[in-house]
Amino acid sequence: MRITIENVSKSYGKKQALNGVSFEMENGVYGLLGPNGAGKSTLIRILVGVMDASGGEVYMNGRNRKSCACEYRSKIGYLPQTLGFYPEFSGLDYLRYVAALKGMEGEKAERKIETLVRQVHLTGDIRRKAVTYSGGMKRRLGIAQALLNDPEILVLDEPTAGLDPHERIKFRNLVSIFSRDRTVLLSTHIVTDIDSISKQTVMIKDGKIGRMESNQSFVDAMDGKVWLVRMTVDELVDFQNSHMISNVLPIGDRMEVRVVSDEKPSGDAAPAQPNLEDAYLYEFENIGRAVR
């Protein structure tokens with residue numbers, strides 16, 4: 001499956017939420033990384049067909065999505081940022097309800113539900129009311145409903161928002177398992193959500209994206225651009241106003257400051273091994289310059 005997003009824009013009155021977004025995805029997990037308000041959810045709603053773009057097109061295997069709308073929707077599985085449940089619905093009721101909306105009936109639907117419930121580890125809780133589930137359980141129920149129709153395209157909007165670190169890891173592992181033979185787009189503002197599982201990542205700011213690369217390519221490009229500098233708290237107050245800082249760690253009576261910079265930020269700065277968070281800060285700033 002090949003999904004092509006070509007020059008997609010979206011405006012709300014005078015506000016431009018997306019500005020000429022273009023990239024392409026095939027099988028595997030892709031990360032859409034950016035802060036809240038960057039345009040991620042707008043792009044995802046356009047991609048899954050619940051919102052129209054102001055300009056640009058989405059293609060499936062070279063065919064305009066609008067020319068094969070029914071087929072396209074049948075291949076999409078979507079986990080929105082927030083899930084709503086009828087108060088009286090158990091997890092099982094919810095899955096049966098979504099299955100009916102997707103045109104699934106009878107034994108076929110029941111077998112699929114049973115399989116997915118087991119795969120997302122909800123077997124012991126599936127008859128409980130869904131509104132009583134923890135955040136992680138709701139997310140696992142959400143991915144089960146997104147997978148009911150065996151979608152070839154799985155779109156996840158901020159799927160780990162509000163989850164504790166343990167639940168975030170469990171959810172990330174589930175995504176990795178379900179990504180086989182699927183195109184998965186995972187939208188997030190948390191670098192660790194996609195650090196180890198995404199095939200490629202595209203970063204977005206103010207509705208405009210940077211280049212799409214593998215995570216390792218982003219990290220490799222940061223070689224010689226990450227530094228460690230030790231300073232006092234008073235020195236840090238002034239230093240942070242003119243430097244890009246990715247981390248600060250207290251070491252005795254001084255602070256070890258991790259700096260992202262093309263140039264050595266001070267005479268005593270020592271080079272550091274870059275990571276994806278460093279690359280995110282650097283790329284994000286470059287996207288910002290392009291926007292301005």
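Start by selecting Arg128: with a relative accessibility of 33%, this residue counts as partly exposed. You are looking at a predicted model, so treat every number on this tour as computed from that model.

**Stop 1: salt bridges**

Keep Arg128 on screen and add Asp125. Their side chains form a salt bridge, 2.9 Å from N to O. Asp125 is partly exposed too, at 23% relative accessibility.

Side chains of opposite charge can pair when their charged atoms come close. How many salt bridges does the structure hold? There are 15, and a few more deserve a click.

Select Glu71 and Arg63 next. This pair meets in a salt bridge at 3.0 Å, N to O. Glu71 is partly exposed, with 32% relative accessibility, and Arg63 is partly exposed as well, with 37%.

Now show Glu283 and Arg211, whose side chains meet at 2.8 Å, N to O, in another salt bridge. Here distant parts of the chain are linked: Glu283 sits in helix 10 and Arg211 in strand 10, 72 residues apart. Is Glu283 buried or exposed? At 8% relative accessibility, Glu283 counts as buried, while Arg211 is partly exposed at 36%.

Before moving on, select Lys112, Asp150 and Arg182 together: salt bridges link these residues in a network.

**Stop 2: the first hairpin**

Switch to a cartoon view and pick residues 3-12 and 15-25. These are strand 1 and strand 2, which run antiparallel and are joined by seven bridges. To see one bridge partnership, click Val8 in this pairing and then its partner in strand 2, Val21. Then look at the turn, where two residues lie between the strands and Gly13 takes a positive phi near 65°.

**Stop 3: the six-stranded sheet**

Next, bring up the open sheet of six strands. Its order is 6-7-8-3-9-10, and the pairing is mixed. Which strands form the edges? They are strand 6 and strand 10 (208-213), each pairing on one side only. On average, neighbouring strands of this sheet are turned by 15° against each other, direction ignored.

Within the sheet, select residues 28-33 and 183-188. Strand 3 and strand 8 run parallel here, joined by six bridges. Gly31 has Leu186 in strand 8 as its bridge partner.

Now add residues 40-48. This is helix 1, which packs on the sheet and touches strand 3, strand 6, strand 7 (153-157), strand 8 and strand 9 (200-205). The direction of helix 1 makes about 155° with that of strand 7.

**Stop 4: the nonpolar cores**

Show side chains and select Leu95, Leu141, Leu148, Leu156 and Val175. Of the 52 residues in the largest nonpolar core, these touch the most other members. Helix 10 (residues 276-291) gives this core its largest share, six residues.

Zoom in on Leu141. Leaving aside neighbours within four places in sequence, its contacts include Phe85, Tyr94, Leu95, Leu122 and Ile126.

There is also a second, separate core of 29 residues, which includes Ile3, Leu18, Leu32 and Val202.

**Stop 5: aromatic rings**

A pair of aromatic rings is described by the distance of the centres and the angle of the planes. The structure holds five aromatic pairs. For Phe85 and Tyr94, the ring centres are 4.9 Å apart and the planes stand at 75°, so this pair is edge-to-face. Phe85 counts as buried at 15% relative accessibility, and Tyr94 is buried with a relative accessible area of 8%.

Move to Tyr86 and Tyr97. Their ring centres are 5.9 Å apart with planes at 80°, so this pair is edge-to-face. Tyr86 lies in the loop between strand 6 (76-79) and helix 3 (91-101), and Tyr97 lies in helix 3, so the pair ties together parts that are 11 residues apart in sequence. Both ends are partly exposed: Tyr86 at 44% relative accessibility and Tyr97 at 34%. Add Phe89 to the selection, and you have one aromatic cluster of Tyr86, Phe89 and Tyr97.

**Stop 6: the four-stranded sheet**

Finish with the open sheet of four strands, ordered 12-13-11-14 with antiparallel pairing. Strand 12 (244-251) and strand 14 (270-271) are its edge strands. Select residues 254-260 to see strand 13, which pairs with strand 12 over seven bridges in the antiparallel sense. For a last click, try Met244, whose bridge partner in strand 13 is Val260.

Note on methods: Residues numbered from 1 in each chain as written. Predicted model: local features only at pLDDT ≥ 70, side-chain atom pairs only at ≥ 80, totals over all residues. Heavy atoms only, no water. Pairing = 2+ DSSP bridges. Phe/Tyr/Trp six-rings, centres within 6.5 Å; stacked < 30°, edge-to-face > 60°. Buried < 20%, exposed > 50% of the residue type's maximum accessible area, 1.4 Å probe, protein only. Core = buried A, V, L, I, M, F, W, Y, C linked by side-chain atoms within 4.5 Å. Contact = heavy atoms within 4.5 Å. Axes fitted to C-alpha atoms, helices over the stretch in contact; angles between N-to-C directions. Salt bridge = Lys/Arg side-chain N within 4 Å of Asp/Glu carboxyl O.
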